[in-house]
Amino acid sequence: MGKIFAGSASDFPEGSINQVTLDGRDIAIVNINGKYYAVDDTCTHAGASLAEGKIDGDNLVCGWHGAEFDCTTGKLAKFPAPIRDLTPYTIHEEDGNIYVEVL
């Protein structure tokens with residue numbers, strides 16, 4: 001599909017998790033220290049929106065049961081049971097706008 005406009009960089013302030021729907025996919029866009037990351041928004045444990053969770057370092061923490069995923073890779077970082085990793089997406093920041101590469 002290619003790069004899809006997700007919003008203005010100002011829509012994603014530092015320390016925020018925002019859910020956007022692009023090409024029919026719910027994606028969480030995270031801003032950590034001015035760097036943007038994008039992963040699936042749906043927790044692979046019980047289906048919660050990760051945008052309703054919190055950020056802990058480089059990890060997205062699910063608000064329902066505490067599963068932690070590395071925002072930079074989508075890999076499961078911490079949870080007592082094995083669950084699937086998240087799909088990571090490439091972010092492009094161009095002229096103050098954020099684009100997500102969706103294949």
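Let me begin with the hairpin of S3 and S4, in which two residues lie between the strands. Asn-33, in that turn, has a positive phi of about 55 degrees. I should say at once that this is a predicted model.

The two strands of this hairpin are S3, and S4, which covers residues 35–40. Their pairing is antiparallel and extends over six bridges. One pair to look at is Ile-29 with Ala-38 in S4, its bridge partner.

I turn now to the other side of the discussion, strand S2. This strand, residues 17–22, runs antiparallel to S3, and six bridges join the two. Here Thr-21 stands opposite Asp-26 in S3. S2 and S3 also form a hairpin with two residues between the strands, and in this hairpin Asp-23 takes a positive phi near 55 degrees.

Strand S3 therefore deserves a word on its own, as regards covering: is it mostly covered or mostly open? S3, residues 25–32, is mostly covered, with six of its eight residues buried.

My last topic is a single residue, Asn-59, which lies in strand S6, residues 59–61. Is Asn-59 buried or exposed? Asn-59 counts as buried because its relative accessible area is 15%, and the cut-off for buried is under 20%. The side chain of Asn-59 is joined to that of Glu-68 by a polar contact of 3.1 Å. Beyond its neighbours within four places in sequence, Asn-59 is in contact with Lys-54, Glu-68, Phe-69, Asp-70, Cys-71 and Ala-77.

Terms used
Residues numbered from 1 in each chain as written. Predicted model: local features only at pLDDT ≥ 70, side-chain atom pairs only at ≥ 80, totals over all residues. Heavy atoms only, no water. Helix = DSSP H or I, 4+ residues; strand = E, 2+ residues; numbered from the N terminus. Buried < 20%, exposed > 50% of the residue type's maximum accessible area, 1.4 Å probe, protein only. Polar contact = N/O pair within 3.5 Å; in protein donor to acceptor, adjacent residues only side chain to side chain. Contact = heavy atoms within 4.5 Å. Pairing = 2+ DSSP bridges.
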